[in-house]
Amino acid sequence: MGNIISINDVKKIYVMGSEKIYAVNGISLDIKQGEICCLLGKSGSGKSTLLNLISGLEKPSKGQIVFKGKHIETMDEIQLASFRQQYIGFVFQQYNLLPTLTAAENVALPLIFKKIPPKERMERAMDMLKAVGLEDRAGHKPNQMSGGQQQRVSIARAFINNPEVVFADEPTGNLDTKTTYEMMDLILDLSEKNNQTIIMVTHDLEISGYADRIIHLHDGKIDNIEDNKNKILKGSFREV
């Protein structure tokens with residue numbers, strides 16, 4: 001498979017008074033289509049900043065980020081918003097569901113920006129909720145669901161546009177062990193069906209074991225890159 005993302009000498013520098021903080025310091029990295037790639041490191045290692053840069057949520061101070069052959073570091077905010085809608089899905093640690101909307105409405109939300117008709121939006125949302133095992137919770141609002149159910153809704157929303165890349169920032173950080181592995185199995189199952197690329201951030205060594213490659217980060221730099229030949233089999237940590 002070819003590269004879907006290429007990063008060349010990317011830096012993110014924050015200025016605090018007379019001091020420069022290098023959150024990301026000269027990272028170069030290629031990510032292949034269909035790859036499960038993990039950015040692993042302790043708090044402050046630069047992993048979340050790097051994810052934000054690759055996904056276009058933040059602009060690099062220096063360097064190039066080529067995503068689907070396009071230089072996203074040169075795009076303005078309108079161009080970036082359109083690019084994300086077309087190619088990217090997000091799964092967050094905090095779920096980021098709108099509390100006034102039902103599960104189905106939350107899942108359908110990205111389709112509004114693509115001007116999909118209401119009937120088709122809800123049909124597709126119901127299909128995705130069925131895929132994540134929550135068809136019977138379609139009319140429930142977030143406060144009527146468990147953490148695991150809310151994260152399933154979040155995952156369904158991330159995948160509803162069939163994005164080429166899904167970014168997952170500590171996607172299981174608020175979940176118990178059993179639910180954590182169920183969510184990881186679900187993300188991998190969905191991505192494998194359409195050869196989608198997953199870029200996830202974690203500090204958890206066991207979660208990183210799901211990845212094809214593990215990018216170890218330290219002080220804003222790549223410490224080493226681990227080809228994960230002993231990738232965790234789906235469901236291998238699930239409790240009986």
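**View A. Lining of the largest pocket in the predicted model.** Strand 6 is the element that gives the most to the lining of the largest pocket, contributing four residues, and the coordinates shown here and in the other views belong to a predicted model. The space within the largest pocket comes to about 470 Å³. The pocket is lined by 16 residues, of which Ile-88, Phe-90, Pro-110, Phe-113 and Arg-157 are the closest to its centre. Besides strand 6, the elements that give two or more residues to this lining are helix 2 (77–87), helix 3 and helix 5. Sorted by class, the lining of the largest pocket consists of ten nonpolar, four polar and two charged residues.

**View B. Helix 5 and the elements packed against it.** Helix 5 runs over residues 147–159, and the distance from the first C-alpha to the last of its 13 residues is 19 Å, close to the 18 Å expected at 1.5 Å a residue. The helix is mostly covered, with twelve of its 13 residues buried; among them are Gln-149, Val-153, Ile-155, Arg-157 and Phe-159. The buried residues of helix 5 pack against three strands and three helices, namely strand 6 (88–92), strand 7 (165–169), strand 8 (197–202), helix 3 (103–112), helix 4 (118–131) and helix 6 (177–193). Arg-157, which is one of the buried residues of helix 5, is also listed among the residues closest to the centre of the largest pocket.

**View C. The two sides of helix 4.** The 14 residues of helix 4 should span 20 Å at 1.5 Å a residue, and the helix agrees with this expectation because its end C-alpha atoms are 20 Å apart. Its buried residues are Arg-121, Ala-125, Met-128 and Leu-129; they lie on the same side of helix 4, because the arc that they cover around the axis is only 100°. An α-helix has 3.6 residues a turn, so residues three or four places apart point the same way. Helix 3 and helix 5 are included in what covers the buried residues of helix 4, whereas Lys-119, Asp-127 and Lys-130 are exposed on the other side. After helix 4 comes Gly-133, which has a positive phi, near 80°.

**View D. The largest cavity and its lining.** The count of cavities of 30 Å³ or more comes to one, and the space in the largest cavity is about 30 Å³. Its lining is formed by Leu-53, Gly-56, Glu-58, Lys-59, Pro-60, Ile-65, Ile-72, Glu-73 and Leu-80, which divide by class into five nonpolar, one polar and three charged residues.

Terms used
Residues numbered from 1 in each chain as written. Predicted model: local features only at pLDDT ≥ 70, side-chain atom pairs only at ≥ 80, totals over all residues. Heavy atoms only, no water. Expected span 1.5 Å × (residues − 1). Buried < 20%, exposed > 50% of the residue type's maximum accessible area, 1.4 Å probe, protein only. Contact = heavy atoms within 4.5 Å. 1 Å grid on protein atoms, 1.4 Å probe; cavity = no way out; pocket = protein on both sides within 12 Å on 5 of 7 lines; lining within 4 Å. Points joined across faces, edges and corners; volume = space filled by probe spheres on them. Nonpolar A, V, L, I, M, F, W, Y, C, P; charged D, E, K, R; others polar. Arc of directions from axis to C-beta.
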